[in-house]
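Visitor: I've got a model here and want a quick tour. Please walk me through it.

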Amino acid sequence: MNEVSFIWATVAVFLLSGLIFTRAKIFLLLLIIWLIRTICLKKLTVVMQALLISVCFFIHFSHKANSINTYNQSRSDIEIDLRVYPDEIKPMEDGVSIRAYTNNVNRKGLQVFIPVKTVDDLKKISKTQKVVEFKIKGNIEPLERPTNINQFDFRRIMYGKAVYFKVSKASLIEYNILTKNSLIAKIHSWRKKLLERCIKLEEPLQSYCMGIILGEQTDYLKENSTKLRNMGIIHLFCISSS
């Protein structure tokens, strides 16, 4: 594939993802303009390569969207078993915020805040480098759509992390820290250790290490994104998916 085909295919993939996941009419309009402009190139190879890639991604995005919509109905007051890797646990003042990719309800990524009543339990869960199994009770809901025009769409960020639902009004029933872990769990454990090392560094070095090396977004990066863009290094954080 030549460079021209790659550029046109990349634009098409972006527009298709926006159309399928947001249903915004602007993406449909831009996609029609893209199609007309691509045909006007009068380069059969470029057109065929761009269309072939677009069709493949269209099938992928459609399958993903249908998979999400299959479980799009809310479920209230149910017990949920979660299996969470240590680097997906973020300690808060009165609980932990987690991203769980293994559960017994819909097998989709969940964003959950779990209140933890005792300080000892909060320390154990926050500091562990092992996989944690949670049993909680709460309501599973799809991520909320923006309610205002041009409002930031939080779902896009979470969809990029393969998280499609949230749990509201969660309460902790019990938790268990596993002693034996798989190879994948050990990799997550190593990442947790690196995160803890980075946290000990001073800013801005702390955020640079967490963003570039580990792809972890921090408050410093959010607040100083304009300055980083002016310095010409923002693309490093984009490449690292932070």
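Guide: Two strands pair if DSSP finds at least two bridges between them. Helices (H or I, at least four residues) and strands (E, at least two) are DSSP runs, numbered from the N terminus. This is a predicted model, where local features need pLDDT of at least 70 and side-chain atom pairs pLDDT 80 or more, while totals for chains, interfaces and linings use all residues. Residues are numbered from 1 along each chain as its sequence is written, and side-chain values use heavy atoms, leaving out hydrogens and water.

Visitor: Okay, how many helices and strands does the protein chain have?

Guide: There are 10 helices and seven strands in the protein chain.

Visitor: And which strands pair with strand 1?

Guide: Strand 1 (residues 75-84) runs antiparallel to strand 6 (residues 132-142), with eight bridges between them. In that pairing, Ile78 sits opposite Gly138 of strand 6. Strand 1 is also antiparallel to strand 4 (residues 102-103), through two bridges. There, Leu82 faces Asn103 in strand 4.

Visitor: What's in the largest nonpolar core?

Guide: That core, a set of buried Ala, Val, Leu, Ile, Met, Phe, Trp, Tyr and Cys residues joined through side-chain atoms within 4.5 Å, has 27 residues here. The residues with the most contacts inside it are Ile80, Leu82, Ile98, Val112, Phe134 and Ile136. Elements giving it two or more residues include strand 1, strand 3 (95-100), strand 5 (109-115), helix 4 (119-127) and strand 6. Helix 5 (154-160) and strand 7 (163-177) are on that list too, and strand 7 gives the most, with five residues.

Visitor: What does Phe134 touch?

Guide: Skipping residues up to four places away in sequence, Phe134 touches (heavy atoms within 4.5 Å) Ile80, Asp81, Leu82, Val84 and Ile98, among others. Ile114, Ile125, Leu172, Glu174 and Tyr175 are also among its partners. Apart from the big core lies another one of 13 residues, among them Ala12, Leu15, Phe27 and Leu31.

Visitor: What share of the residues is buried?

Guide: Of the 242 residues in the protein chain, 38% are buried, that is, under 20% relative accessible area, with exposed over 50% and partly exposed in between (1.4 Å probe, protein chains only). As for contacts with a separation of 6 or more, 67% of them are between residues 24 or more positions apart.

Visitor: Switching to cysteines: how many disulfides?

Guide: Zero in the whole structure, taking a disulfide as a pair of cysteine sulfur atoms within 2.5 Å.

Visitor: Are Cys40 and Cys198 buried or exposed?

Guide: Cys40 is partly exposed, because its relative accessibility is 49%. Cys198 is buried, at 8% relative accessible area.

Visitor: Where's Ser189?

Guide: Ser189 is in helix 6 (residues 183-199). Its relative accessible area is 10%, so Ser189 counts as buried. Leaving out neighbours within four places in sequence, Ser189 contacts Pro86 and Gln129.

Visitor: Which residues of helix 7 are buried?

Guide: In helix 7 (residues 205-213), the buried ones are Gln206, Ser207, Cys209, Met210 and Gly211. After helix 7 comes Gly215, which has a positive phi near 65 degrees.

Visitor: Last one: where is Arg156 found?

Guide: Arg156 is in helix 5. With a relative accessible area of 48%, Arg156 is partly exposed. Its C-alpha is 9.9 Å from that of Arg145, and the two are 11 residues apart in sequence.
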